[in-house]
Amino acid sequence: MSIDLLAMATDPKAYVALHALLDEPAADISLTVRERDIRALTREVVSREVAPRAAELDATHTFAHDSVQALAAAGLCGLIFPEHLGGTGDTNVAYAVAMEEITAGCAATSLVFMTQMHAAYPIFIAGSEELQQQYIPGLLDASAYGSLGITEPDAGSDVASMTTTATPTAEGWSLTGQKTFITTGDRADVIICFATVDRARKRDGITAFVVEGGWDGVTGGQPFHKMGMNGSSTAELFFDHASIPRRNLLGEEGKGWSVVMGSVVKSRISAAAQGVGIARSAYARTLACLKMLYGNKIPDEHVFALADLRGKILQGRLLLHSTARLVDTDPGVTPGQIGVMKQSCTDLGFEASVEAARILGPYGDLAHIGVERCLRDAKITQIYDGTNEIQRLLIGRETTRSLKELS
Ligand SMILES: Cc1cc2nc3c(=O)[nH]c(=O)nc-3n(C[C@H](O)[C@H](O)[C@H](O)COP(=O)(O)OP(=O)(O)OC[C@H]3O[C@@H](n4cnc5c(N)ncnc54)[C@H](O)[C@@H]3O)c2cc1C
């Protein structure tokens, strides 16, 4: 089969054939049959419904609504949730595999896709049965869009210094404050909002709520114009004395910190899978472009560079799968272990994109080749879901703690 870049983006058969070349038996061997089936299904949907739209969404900054609806229609938005809430009860490994597939086809679509899960998950771990039934199925079939609202203009890495405040009322709470850089924030139907009930209590004042985007006092801002991930939207959220009924509390008042911590494990698997998916996309585009330029006589220096890239992508994928498996099987997985995966895999996405652009020379700069999009999309994965400096901090703390235990 001849592979050219235009065919790869628009012809599902060419897309699947090229990406099958990038499967690695050394990683596949530890996947279950079901996890491989999820990959095949996701790749097939991505080849038809996601990859062909990616360049256009990026160029026109159009929200990836149709792509996400197609993924939801295939039952892929609820992988890690139980069947009674509309999910499929699959593993975190299956989720990571699906995320890599979606990202390889369109990173921006994967950002909207993962945010549906990031909004549903806090309700799953901390919400009442009633809240779960009310909000989770809509997020999983994508009839509702969700957002996870943590970051504020003066509180992101330092989550505990958030100032959005929930003041007790007779019916529940009154919420006032501002969130920023919130994925899907401009159109969210369901917002997981973290606020403080008492700033002096720092972490012990943080409380999680489910807030509806249509409630009085809740407003989404205009989407920001960004460097990459242009098929997703990122916006401010404003809360002006919004009334939150008591039943929309997630967990207990003052116990929101544990909801944040429980949630970031999942969101860091998402970001890490994006890193591997972007690296793979950059590699696939490089292979296809070199084939167009040189046919079957690719110069040795490029073959060597491709060999390096292939090895690094395989290492990233193995780390992603094994850490996701740890999350599936070991409740004692630590922030540092998650951090090693998040930092390494997202650095991989960016560095592989830079390397792909180097290998291709001027072709790397051309929009239709898509490597420059990989580069623009990759940068933010190193920043959100806990910047990679924060991951190093978490990893470093565990290293120094274990060194102290030695003495
Ligand atoms: C496209 C996009 C989507 C996003 N989606 C969401 C979302 O859905 N929900 C949400 O809540 N947020 C979201 N964010 C926000 C994102 O998670 C934060 O911007 C990120 O965590 C960084 O936090 P900050 O903004 O406070 O930056 P800062 O913490 O101010 O970071 C600035 C720089 O300082 C460094 N730094 C900070 N503290 C330390 C430290 N202690 N040691 C060493 N270096 C440090 C950082 O690593 C970074 O390099 C999104 C952002 C973008 C751009």
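How many residues of domain 1 are in contact with how many residues of domain 2? The close-up views below take up this question and then turn to the ligand, a set of paired strands and one residue of a helix. The model is a predicted one, in which local features need pLDDT of at least 70 and side-chain atom pairs count only at pLDDT 80 or more, while totals for chains, interfaces and linings use all residues. Residues are numbered from 1 along each chain as its sequence is written.

**View 1. The side of domain 1 that touches domain 2.** The protein chain is divided into domain 1 (5–140), domain 2 (146–256) and domain 3 (257–406), with bounds that come from an automatic or database domain assignment. Between the first two of these, 26 residues of domain 1 are in contact with 18 residues of domain 2, where contact means that the C-beta atoms of two residues, placed from the backbone, lie within 7 Å. On the domain 1 side, helix H4 (33–60), helix H7 (107–126) and helix H8 (129–140) each give two or more residues, helices being DSSP runs of H or I with at least four residues and strands runs of E with at least two, numbered from the N terminus. H7 supplies the largest share of this side, 13 residues. The C-alpha centres of domain 1 and domain 2 lie 26 Å apart.

**View 2. The shell around the ligand.** The ligand is surrounded by 21 residues, the closest being Ile150, Gly156, Ser157, Thr387 and Glu389; a residue is counted as near if its C-beta atom, placed from the backbone, lies within 6 Å of the molecule. Strand S1 (146–149), strand S3 (172–183) and helix H13 (388–406) are the elements that give two or more residues to this shell. Domain 2 (146–256) and domain 3 (257–406) each contribute at least three residues to the shell.

**View 3. Strand S3 and its pairing partners.** Strand S2 (residues 165–168) runs antiparallel to S3 and is joined to it by 4 bridges, two strands being paired if DSSP finds at least two bridges between them. A hairpin of 3 residues connects S2 to S3, and Pro168 has Trp173 in S3 as its bridge partner. S3 also pairs with strand S7 (residues 234–245), in the antiparallel sense and over 9 bridges, and here Gly172 has Pro245 in S7 as its bridge partner.

**View 4. Ile380 in helix H12.** Ile380 lies in helix H12 (residues 371–381). This residue is buried because 22 other C-beta atoms lie within 10 Å, the term buried requiring 20 or more such atoms, exposed 12 or fewer, and partly exposed a number in between, with C-beta atoms placed from the backbone. Leaving aside neighbours within four places in sequence, Ile380 is in contact with Gly228 and Met229.
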